[in-house]
Structures are given as structure tokens and as C-alpha cells.
Amino acid sequence: MAPDRIDVRKTYKLYIGGDFPRSESGRSYVVRASNGDALANAVRASRKDLRDAVRAARKAAQPWADRTAMNRGQVLYRVAELMEGRRDQFVAEVAAAEGLRAGRAETVVDRAIDRWVWYAGWADKIAQVLGSSNPVAAPYFNFTIPEPTGVVGIVAPETSSLLGLVSRLAPPIVAGNAVVVLASETRPLPAVTLSEVLASSDVPGGVINILTGLKKELVPVLAAHVDVDSLDVWGVPADLRTEVELLAAEDIKRISRRPAGVTDARFDWLDDRAAERPEWIAAWLEMKTVWHPIGT
Amino acid sequence: MTAMATKTPTVPAATNGAVSRVEHAPASWGLGDGAAIPWDYAPAPESREIVTIKEQYGLFIGGKDVVASDGQTFATVNPATEEPLAQVARGTAADMDKAVRAARSSFRRTWSRLSGKERAKYLFRIARLLQERSREFAVLESMDSGKPIKESRDVDVPLAAAHFWYYAGWADKLDYAFPGRVARPLGVAAQVIPWNFPLLMLAWKIAPALAAGNTVVLKPASTTPLSALLFADVCRQADLPPGVVNIVPGPGEVGMALISNPGVDKVAFTGSTEIGRKIFQGVAGSDKALTLELGGKAANIVFDDAPLDQAVEGIVNGIYFNQGEVCCAGSRLLAQESIVEPLIEKLKDRLSTIRVGDPLDKNTDVGAINSRSQLEKITELVAAGRAEGAEMYQPACDLPERGYFFRPTLFTNVAQSHRIAREEIFGPVLSVLTFRTPEEAVEKANNTPYGLSAGIWTDKGSRILHMVKRMKAGVVWANTFNRFDPTSPFGGYKESGFGREGGMHGLHAYVRLEDR
């Protein structure tokens, strides 16, 4: 018997510069649930897509950094508001992607929303916590202020498709950087849905760019790109790690690693003590020190 | 003129090859025309009696003075006379391994078990000893590195002592530096330092590392090992537990052996971006923490409303301080077009009063270049500047017959594409470029892969803060240049490295933060 209504399925696309292109390469790959069922086709982004994303991020970086801290905080909080409105959709997608029971998926999504709120509040406080006025031994006024490092490449956690992603994405954004995210390769769909939330939020196009695809293909390109200032290597597969860091060395990129002994699969993203860290914001900040003489 | 000076001003032979557009100011009176003022100074040499330089120096490992594993030594030379000062044990990879083991053992057995309060007192002792022996360090530093005694006495040594003093106080207050977290030491820190500020860089590296509870293996530069080895004596006098500080001199490959040693938890390097990249590659894929303080090509931006006489002093200090062998040197002068002519005139006048010569003479402003190879590098880049069409000016000062000396040099008509505007020269060579608007100044200043420092000269406060915000540089000096202080974080953006040294931020590089 034919169903009453054929459901309308979503095309999962890339998110670059505020737009939703398919890959210029026309490629895709099949995303499977934990039980092996095919969930959807995701875009298999190309090197060209990645370069486009970096260009979009660079263009968006300075205007985003120039926003007032309070404004950045409100923009991040708004992401939480919009995610709350699409909570059920995220729960269903996270459950399918990660093979979680509904209750557990609800907890994960709620925590992802709350994490945006936690990091949003840091926007206008981090400079006060990390900055300093320095009592130099000479007649100068001397102070140190944090500034965003610029464009951050994020290789998202592989296991935690939404909460892990949000926990690594919010810190560089609240710090005032623009980012290019390589979503979890095996569980990319919640990231794409997040990009749809971002597109209707107040986060300016280009500040967050999200690509889906094969890490082996994309991570080295991201690590080698000279217009990427910093790199989050959290989700880099173990067999690519040395290669990625060698590439990052070429133009002295800042890299942020998982702490020694911490694995992607075992990390407890639900633990606020572990995943809500001002150090994770500091990792994407440069410290600028300014001197001026004191005189009449 | 100093006792060492000759009476015939000559351009160093190697610069003679290129276009002959050298403008030599005549040695006559004349203000405003860039001519030399023939003020003569009687020699005022600092006595070298205060320091006893041994014929042989060993490695400092586990609190002991030991020979290299293969018995090899190398000579360290006084760059002002080209005479060897001493023979120094040349560390090997095996020695580095021994030093790392010594550091590990003292980390486990003593240093990490000591309370912050007790660690602090050792660091205070070291600060005091450096102050007590300051003249000895200053003279030795000038002899081994070529820097003027004025600078080693008034800048390097007091700042080195101040660094130990500052970080001593942090050792028992780490909880207040990292609220909400427990700061744990990383373990054994491998530290590789350059030859331009040998003792000061040692202090920048060792003081925060020890304060945070780490132990260290330090490799001083191969041309300037002596102040580090004298520091080993300070560690002994302070009764610092053996193995907390280990000092192993040697060439670059020994530094690479140190940073790649699996027993190392943390790598800190100051030096060129080229070597920094190799160090980064050397730790790639490991769990070693890394901080890099690398090269620079700083813009010193002078706006038309700047007090020009003060700016000239700042420009001179910015590029001729320590023979320009400074990573944060203001090597690119960006002058607003409307004032470029009077500024250059004043600058040329000022250059003619700079005294180049014997580093131990208390009147000397610019001493010897650190090594023959560095002199060759400077000479080569200056020749490239002339070949590419920039106009060179050098004051008519006399250079000593022996030693590695180079005249303070000024290039005008420099294009951004010229090598002298792009590459770090690490010598007393200033390239002058011009701009019209603040936006153009920002664009030119940031048009470099480096991002260590910048200077801004203007009377307008709001413009200073605007420029500060736009400069991609870790340190911005406004209406001053080349100021340093232990409380003031220092370090670069972009390819000038990452991590900060100095201040509370300098502690970050040496701790692991754990949840409370």
C-alpha cells in the first residue's frame, strides 16, 4: 500500500560564506547510521571548496573581530535561542548519527545549546580575565590585550557530532575569529543542520564555514593553507597527525591539540568541567602588549 | 675615536661590488646637512680584570662540570678582536640525553616536590647573585657577544636579574595566576637560545620554567656560551639542587638532538624563523608543548605630527641598539611623505654622532657584529639593497682594523619588494619607506609574514589606539621603541612565533592546567 504522503528529504550541503553550495566537484558520499543504514548523501567537499571557505573566512574575520564584545556575546546567545527552537530536529539527527536513545540524545542536544550560552557570556569578560596592566619599572603605561588570531581551521571531533563540534566551535568564535570547520566525517549531518541554524542567526556569513567530506583528503589542505592562522587538530585521525603538524610548521601556525592521553572517542563532552574552559578561548587569542611613555 | 679605531674610513670590502651610490658624509662641521660632527672621545675602556675567563669550560650537567662525551671542544671568539676567549666543551646528542636524564631525575626527586615557597627563595637567591656579580656578567657578555658594555651593563644584566626577581614571586602564587585551575609543571623543558642577548634570553627561559616547577636543559648559542656557563656558577653558589638547571653548549644539531629527545616535555626556542620551523617540525606529532619566539621585520611608523627629535632617538634606538641584532628591531622606517625629508636629514645628523667600536669602551654605541658569518650575511643583504636600486647612506665613522664591525646604514628609496624591506637583516641597517594615509601605513606595516613588534610615533592619542588595533604585532611601542620589562609579555603574531615570555602570560608556557 502506498503511503499517504511521501516525505520531503533534505539535501545536505556545504556552508560557505553564508551560502549553501554543493561541492563544485559534484561529489558526495553516503552517510550511514551506527546500524549501517544509509541516512543521506553528504557533500564530499573538494580542495577548491576548502579554499573558497578560507577566502570567505578571511573576508569575514576582521569585521567580526571589530564587533563590540557585547554584540558578539548576543550573537552567540542567539544561536542558542534558535537551536532551542529546532531542538526536536537536532535530537532526531543526533540520535540517528550517534546511535543514541532518544533520552540520551535529548541530554546531548540540551547540553550543546547550554554550551553556546556558557561561551556567549565570555565575550565581554575574557579580555578582563586574560588581559593585564603591567607594572613596568620605568615611566611607561603598559598593558596587554587579547586579540583574535584570525582564521582558525577546525577539524571537528569525529565521535561527538554536535556537542563536540559546538564545544570546539564556540571558543574561537567568541574570541572573534572566523573559522573553517571540517565536520565529523562519519557523522556529518548534525553539523549541516547547525549551519542552517547559523544561516538564520545573526552570525555574519563567512564567520563560520562548515564543510563535509573526507578528512584524509581535506585535512592536509587545511593544514597547509597559508591563510589559515591556527589549527584545531582535535579531530585529526591519528595516522594524519604528524603530517598535519609538519604542514602547520611551514608557516608557524598555532595548533591546539587534545591533551595528552585524551582520546576523541572517550572524551566526556557532557562534563561541563571538562568542556567549558576559558583556556579553550585563550588558545585562539594573541596577546598584544602596548607601551606608551608617561609624561607631561 | 677609540683606541682601536683607524683613521681611514672605508666601506667594508664586501659591499664594494654593487652600484656605487654610497654617500659618505665629509668629516666636517655642519648641522642639517647630514655631515659628521668630529667630536672626539677619549678612550674609556671598562676594565676586564673583574672577570676571570677560564681556558676551558665544561658542560654543566647534574650540577657537575663535565667534558663532552667525545671530548671535543670548540673555541668561542671575541668578535671585537677575533681572538679566541676560551675552549668550550662541545655537547653531543649523548650529552643531551645525559642532561635530560639529570633534569628528569631532579624533577622527580626534588624540584617538583619542593613547595612554591621554597622554589621562590632559590630564584630570589639567583636574582640577588646576578645583581651582586652584575659587572662581571656585563664585561663577559660584551667580550663574548660584541655588544657595547653600556648595553650589557644597563640593559641585559639588570633585566636578567629582574626576570628572576619577578618570576621568583610567582612560584608560590600560581593559584592566583590561573584562577579556577591547578597549574602543574610540565616536567623537563628543553630551551634553545640565540646569541644576541645570551644572558637575558637565558633568564627569559629559565626563570618562568623554574618558577612553575619545571627543570631545564638549556643550549646557549655556539658563539656566546660564556655567560650561560658563568650562570652555572651562580646556580652552584645559590645551592640550587643539582640537575634543576643543565647547560650544554654546542652547535645547532645538538639543539635539535635536545628538542627531539623523548624525555623532553616542553620545548622553548628563540631564534630565526628558519630554525624555528625546523624545531616545530622536530616536535610534530609528539605531545611536547612548544613556544617559539622568532624573527621580525618591524615597521616603525612616523606620522607628520610626531615630535621629530624624539622620533629620531626612537628610530636610532630601534635599529642600532645591539647592532640591530634584535628580533624586534625597527628595521623598516615608515615615514609619512610630508615629513620624510626633514626626518632623514635629522636621522643622518644623528647617525654621524654614533660611536662604533670597542664594545668594552663605555662611550661605544654600536659594538661588534656577533660573528663573521653574521657580518657576511649583513654585508650580502646590504649589497643586495644597493643592487636593487635603494640609496645607501653610512656616516663617516672609523671602524677598528680587526673585529667584525659594520657601519650604521640607512637606505632610502626602498621599495616593498626589495630584499632589505622583506628579509630580516639582523644588523644595523634601516630601510626607509613612505606612506600618505594611516590606511597605507597599516597595509605596508602588516605586509610581511612576521608580526613581532611595531612602533608608532604621533601626538594624537586616538590615532595611536587605532594603529595599535590594526598592527598585526605582539608588541607595539607608541612614542618609544625597544623597551623590555619582566612584567611585560613579549612575543609574536604570524611567523614571528607563538606564546609569550614575560608577565603572567609567560607562565602559561610552562604549566599544564588541571581542574580543581
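**Group meeting talk: a look at chain B**

Hi everyone. Chain B averages a pLDDT of 93, and 92% of the residues score at least 70. What we have on the screen is a predicted model, so please keep those scores in mind. There is one stretch to treat with care: over residues 1-32 of chain B the pLDDT is below 50. In the model, that stretch still has 63 contacts beyond near neighbours in sequence. For the model as a whole, the scores are ipTM 0.96 and pTM 0.94.

Now for the fold. How many helices and strands does chain B have? There are 16 helices and 21 strands in chain B. The radius of gyration of chain B is 23 Å, and the globule rule gives 24 Å for 516 residues, so chain B is as compact as a globular protein of that length. If you lay the C-alpha trace of chain B along its principal axes, it spans about 65 × 50 × 40 Å. Of the 516 residues of chain B, 60% count as buried. Then there is the matter of who touches whom: take the contacts in chain B between residues at least 6 apart in sequence, and 75% of them join residues at least 24 apart.

Let's move on to domains. The domain assignment splits chain B into domain 1, made of 13-42 and 296-478, and domain 2, made of 56-294 and 495-515. So you can follow along on the structure, the C-alpha centres of domain 1 and domain 2 of chain B lie 31 Å apart. Where they meet, domain 1 of chain B gives 24 residues and domain 2 of chain B gives 19. The side of domain 1 of chain B that touches domain 2 of chain B has ten nonpolar, nine polar and five charged residues.

Chain B also has a partner. Here, 35 residues of chain B are in contact with 29 residues of chain A. Which elements give two or more residues to the chain B side? They are helix 9 (273-283), strand 19 (475-478), strand 20 (497-498) and strand 21 (511-515) of chain B. Helix 9 of chain B supplies the largest share, five residues. By class, this side of chain B divides into 16 nonpolar, twelve polar and seven charged residues.

My last stop is where strands from the two chains pair up. Strand 10 of chain A, residues 285-293, runs parallel to strand 19 of chain B, and three bridges join them. To find the spot, look for A:Thr289, which stands opposite B:Val475 in strand 19 of chain B.

Thanks for listening!

Technical notes: Residues numbered from 1 in each chain as written. Chains lettered and ligands numbered in written order. Predicted model: local features only at pLDDT ≥ 70, side-chain atom pairs only at ≥ 80, totals over all residues. Helix = DSSP H or I, 4+ residues; strand = E, 2+ residues; numbered from the N terminus. Rg over C-alpha atoms; globule rule 2.2 N^0.38 Å. Buried ≥ 20, exposed ≤ 12 C-beta atoms within 10 Å, placed from the backbone. Contact = placed C-beta atoms within 7 Å. Domains from an automatic or database assignment. Nonpolar A, V, L, I, M, F, W, Y, C, P; charged D, E, K, R; others polar. Pairing = 2+ DSSP bridges. pLDDT = per-residue confidence, 0-100.
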